[in-house]
Amino acid sequence: MNTVTLKGIVKSIPEKSAKGYYEFELGIKRYSGYEDMIKVVFEDAMSNFSIALGEPVAILGSIISYSEYDVNARKARTLIRVKASQITDGNEFEDEYVNVVNIFDNTFLTDPVIRKTPKNLVITDFVLVNKEGGVVTAHIPCIAWNGVARKLVAIGNWGKFSAIGRLQSREYTKQYDDDTMEIRTAYEVSISSFSFSVEG
């Protein structure tokens, strides 16, 4: 399972999506000043809460994912959202921005492998499988840097994985076969600490 605690500024008015959720965008600044743009969804039961453009809100929820067919790429792609179980005005938090993800007993869909960035930083990325009551609710992309990445890959015998991190967004350019391009947003959990229990 996983839990997500967020506090940020509302960047778009909620609209009902094709999946039947209300969806809006929440902006959460990092210490560096970069603003992560997180997609938040909620159900009709919470639709009476006032979500005003430019106002702070806090979210308690969990990461979910689902597939959407990409006509241009002719394949499905995975979309990441935070499904809210509670929405408040955020007065319980002193900090202006909060972004904490707790992952409990997930399993690995892809194995962590060390690589280096063009700036010679050590990095590993991988995908976790999140289950709730035995049902897969999310495939969660994750990333770890430097010492955390080295420690994670050095274990070499991965079982149930628990971690603390933050949900980040980053833009990238998708180029299609006809040379047209589209700017997209990818989401991943940046892992700051972790623990594991070996299965079997």
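Is glutamine 168 buried or exposed? At 13% relative accessibility, glutamine 168 counts as buried; buried means under 20% relative accessible area, exposed over 50%, and partly exposed in between, with a 1.4 Å probe and protein chains only.

Before the tour, two notes. This is a predicted model, where local features need pLDDT of at least 70, side-chain atom pairs count only at pLDDT 80 or more, and totals for chains, interfaces and linings use all residues. Residues are numbered from 1 along each chain as its sequence is written, and side-chain values use heavy atoms, leaving out hydrogens and water.

**Stop 1: glutamine 168**

Select glutamine 168 in strand β11. Strands (E, at least two residues) and helices (H or I, at least four) are DSSP runs, numbered from the N terminus. Now show the contacts of glutamine 168, leaving aside neighbours within four places in sequence: Arg30, Asp36, Ala186, Tyr187, Glu188 and Ser190. Contact here means heavy atoms within 4.5 Å.

**Stop 2: the second largest pocket**

Glutamine 168 is also one of the lining residues of the second largest pocket. Select the rest of the lining: Ile28, Lys29, Arg30, Tyr31, Ser32, Asp95, Glu96, Tyr97, Val98, Asn99 and Arg166. Two or more lining residues come from each of β3 (22–29), β7 (98–108) and β11 (160–175). The space in this pocket is about 290 Å³.

How are these terms set? The grid has 1 Å spacing and covers the protein atoms alone; a pocket is an open set of points where a 1.4 Å probe fits, with protein on both sides within 12 Å along at least five of seven lines, and lining residues have an atom within 4 Å of a point. Points are joined across faces, edges and corners, and the volume is the space filled by probe spheres set on them.

Colour the lining by residue type. It divides into 4 nonpolar, 3 polar and 5 charged residues. Ala, Val, Leu, Ile, Met, Phe, Trp, Tyr, Cys and Pro count as nonpolar, Asp, Glu, Lys and Arg as charged, and the others, including Gly, as polar.

**Stop 3: the β3–β4 hairpin**

Stay with serine 32 from the lining. Serine 32 sits in the loop between β3 and β4. It is exposed, at 63% relative accessible area. A polar atom of its side chain lies 3.3 Å from the backbone nitrogen of tyrosine 34.

Widen the selection to both strands. β3 and β4 form a hairpin with 5 residues between them, and glycine 33 in the turn has a positive phi of about 100°. The two strands pair in the antiparallel sense over 8 bridges; strands pair if DSSP finds at least two bridges between them. Glutamate 25 stands opposite lysine 39 in β4. Strand β4 (residues 35–42) is mostly covered, with 6 of its 8 residues buried.

**Stop 4: arginine 81**

Move to arginine 81 in strand β6 (residues 75–88). Is this arginine buried or exposed? Arginine 81 is buried, with a relative accessible area of 9%. Its side chain makes a polar contact of 3.1 Å with that of glutamate 23. A polar contact is a pair of N or O atoms within 3.5 Å; within protein, one must be able to donate a hydrogen and the other to accept it, and residues adjacent in sequence count only if both atoms are side-chain atoms. Not counting residues up to four places away in sequence, arginine 81 touches Glu23, Lys39, Val41, Ser62, Ile63, Ile64 and Tyr66.

**Stop 5: the two partners of β7**

Select β7. Strand β1 (residues 2–10) pairs with β7 in the antiparallel sense over 6 bridges. Threonine 5 stands opposite valine 100 in β7. Then add strand β9 (residues 122–132), which runs antiparallel to β7 and is joined to it by 2 bridges. Phenylalanine 108 has leucine 128 in β9 as its bridge partner.

**Stop 6: two asparagines with positive phi**

Go to asparagine 120, in the loop between β8 (115–116) and β9. Its phi is near 70°, a positive value in a residue other than glycine. Asparagine 120 is exposed, at 53% relative accessible area.

Next, pick asparagine 146 in helix α1 (residues 146–155). Phi is near 50° for asparagine 146, again positive in a residue other than glycine. Asparagine 146 is partly exposed, at 32%.

**Stop 7: strand β12**

Finish on phenylalanine 196 in strand β12 (residues 181–197). Phenylalanine 196 counts as partly exposed at 35% relative accessibility. Draw a C-alpha to C-alpha distance to isoleucine 155: 9.6 Å in space, 41 residues apart in sequence.
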